[in-house]
Amino acid sequence: MPDLPLALHIPDGFLSGGVAGVAGLLAVAAVAVGLRVADRELDEARVPLLGVLAAFIFAVQMLNFPVAGGTSGHLLGATLAAVLLGPWIACLVMAVVLATQAFVFADGGISALGANVLNMGILGALLAGYLIRLAWPLLPKSRTALLAAVGVMSWLAVMVGAAATSAELAISGTIPLSTTLPAMLGVHALIGIGEAVITVTAVSAVLAVRPDLISLVDVGPLAGSEPAPLPARAEGVLS
Amino acid sequence: MGGLCNHALELTGPTGNLDSRVHRLDPRAKILGLITVTLVAVSAPLERWPAYVACAAVLVAYAIAAGVGPRALWRRLRVVLLLVLGVGVLVPFVRSGGARFEFGMLSVHQAGLEIFAAVAAKAIIGTTSAALLGATTTFPAVLRGLEALRVPRLLVLIAAFMYRYLFVIVEELARMRSALVSRGYRPRTALQAGAMGRVAGAMFLRTYGRGERVYLAMLARGYNGTMPQRVPLRLVGTDVAFVAGVALIVLTARLTTA
């Protein structure tokens, strides 16, 4: 099969009822918190903006990059969403994107939706979001430090998602952990590199032009943020 | 070069006989009916295989009534199903237990084969029922159904706006992608994905700008945070009969032993 994109979407039937149920409850709980945060922090009239940004995440998930041996990986975007929207709003947006993929594109089983939202959205968005937020006061206030943190966390978010997927499949009794974990972590170590490279460049482009749109941390004036040549001209160059 | 088509967007939306009785069912009835089929199949162990047969029969009847032919259905299932079965086929080689079968150098175990059979049946039924929902119901109708089924309104609103702009944004991204390709961008390793990051950054800024413009245009047209009321959904006898009939068939098959 030429160039099939590797994805973590778990289909129907791979998870036991218990695992799917627990993952579903965790996902519902995180989405409920996300809804409360949105209620508190977000003017309801700004919802169209969230919708358009969900479409953005959906679209950038189609960015494929080569991994190894003719396979390709694609961006998951949980860390990117967390940096741009904050961890909880990112959970909401990722849940909407993944639910749409399940309902409209039959990608990822409806019975495994909770697990997919957990693995590919919530775990990454919360882990990356909160660790970057916690580390931010300790980091030097420079562009490089923020981008390094974003890079490391986006790699880690992919690995954690892959590990969670393997664990869920193993607990369900579908595929033993000794088989999936090394394979999943091996492939996703490479996918994570692509994810980190794309996320870092994307955040750096936003940082250069509209640093006020980074919601995760208050970036303020950063050392070393001399205008990067590309982003400002990117629109003209790339269209 | 990786195409821009994990999700073939052109393969969405209703198809088949658009005026069929199935297409005209209330979206809630279709969502509930098809989710019941999926959940029954997923919950059935291999010994209860008649449940798989019943679910498959219901889906076949549904597709025939909706005029969705095998060719149209396969076009939608192909991408997902080939990947799923590709992974599933590995299972018999890595699970041990039960009788052992030798095929030359390869050996598979009965336990693995059983898991593969169950997983494949469930994945095919689940994927087909989601594809049939998409083939017989427009996305806005699915959203109205979900809203009526008490999915939080904020999520439904986000999804509605997402869908409205998805196609524009995906096409914009595809244009940027072809601009990269036409300038000789051929990444061979994940480390060379940086250019796509710049595309994503530029996309975000454009998208944000578009979102703000959309929002302001909506304000100018009197938007105050709520969407105008539409004609409410109405469940009629056919809808109730459809859900009850589907549930009766698949649950009976699930609960009777083979």
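These are my notebook entries on chain A, one of its helices, a pocket and the domains of chain B, all taken from a predicted model.

**Entry 1: chain A as a whole.** I began with the secondary structure of chain A, which comes to 8 helices and 3 strands. Reading from the N terminus, I noted the order of elements as β-α-α-β-β-α-α-α-α-α-α. I then looked up burial and found that 62% of the 239 residues of chain A count as buried. For contacts in chain A with a separation of 6 or more, I recorded that 75% are accounted for by residues 24 or more positions apart.

**Entry 2: helix α1(A).** I checked the length of α1(A) against expectation: at 1.5 Å a residue its 25 residues should span 36 Å, and the end C-alpha atoms are indeed 36 Å apart, so the two values agree. Next I asked which residues of α1(A) are buried. The list I wrote down is V19(A), A20(A), A23(A), G24(A), A27(A), A30(A), V31(A), G34(A), L35(A), V37(A) and A38(A). As for their partners, the buried residues of α1(A) pack against α4, α5 and α6 of chain A, and also against α7 of chain B.

**Entry 3: the second largest pocket.** I noted a volume of about 810 Å³ for the second largest pocket. It is lined by 29 residues, of which V28(A), A99(A), F103(A), L113(A) and V151(B) are the closest to its centre. The elements giving two or more residues to this lining are α1 (17–41), α4 (87–105) and α5 (113–135) of chain A, along with α1 (27–43), α6 (139–148) and α7 (153–182) of chain B. The helix from Entry 2 returns here, since I found that α1(A) gives the most to the lining of the second largest pocket, with 6 residues. Sorting the lining of the second largest pocket by class, I counted 24 nonpolar, 4 polar and 1 charged residues.

**Entry 4: E168(A).** Is E168(A), a residue of helix α6 of chain A, buried or exposed? Its relative accessible area is 8%, and because buried means under 20%, E168(A) is buried. Leaving out residues up to four places away in sequence, I listed I10(A), L15(A), V19(A), A115(A), L118(A) and N119(A) as the residues that E168(A) touches. One of these, V19(A), is also among the buried residues of α1(A).

**Entry 5: domains of chain B.** I looked up the domain assignment of chain B, which gives domain 1 as 17–137 + 232–255 and domain 2 as 153–220. I recorded 34 Å between the C-alpha centres of domain 1 and domain 2 of chain B.

Key:
Residues numbered from 1 in each chain as written. Chains lettered and ligands numbered in written order. Predicted model: local features only at pLDDT ≥ 70, side-chain atom pairs only at ≥ 80, totals over all residues. Heavy atoms only, no water. 1 Å grid on protein atoms, 1.4 Å probe; cavity = no way out; pocket = protein on both sides within 12 Å on 5 of 7 lines; lining within 4 Å. Points joined across faces, edges and corners; volume = space filled by probe spheres on them. Helix = DSSP H or I, 4+ residues; strand = E, 2+ residues; numbered from the N terminus. Nonpolar A, V, L, I, M, F, W, Y, C, P; charged D, E, K, R; others polar. Expected span 1.5 Å × (residues − 1). Buried < 20%, exposed > 50% of the residue type's maximum accessible area, 1.4 Å probe, protein only. Contact = heavy atoms within 4.5 Å. Domains from an automatic or database assignment.
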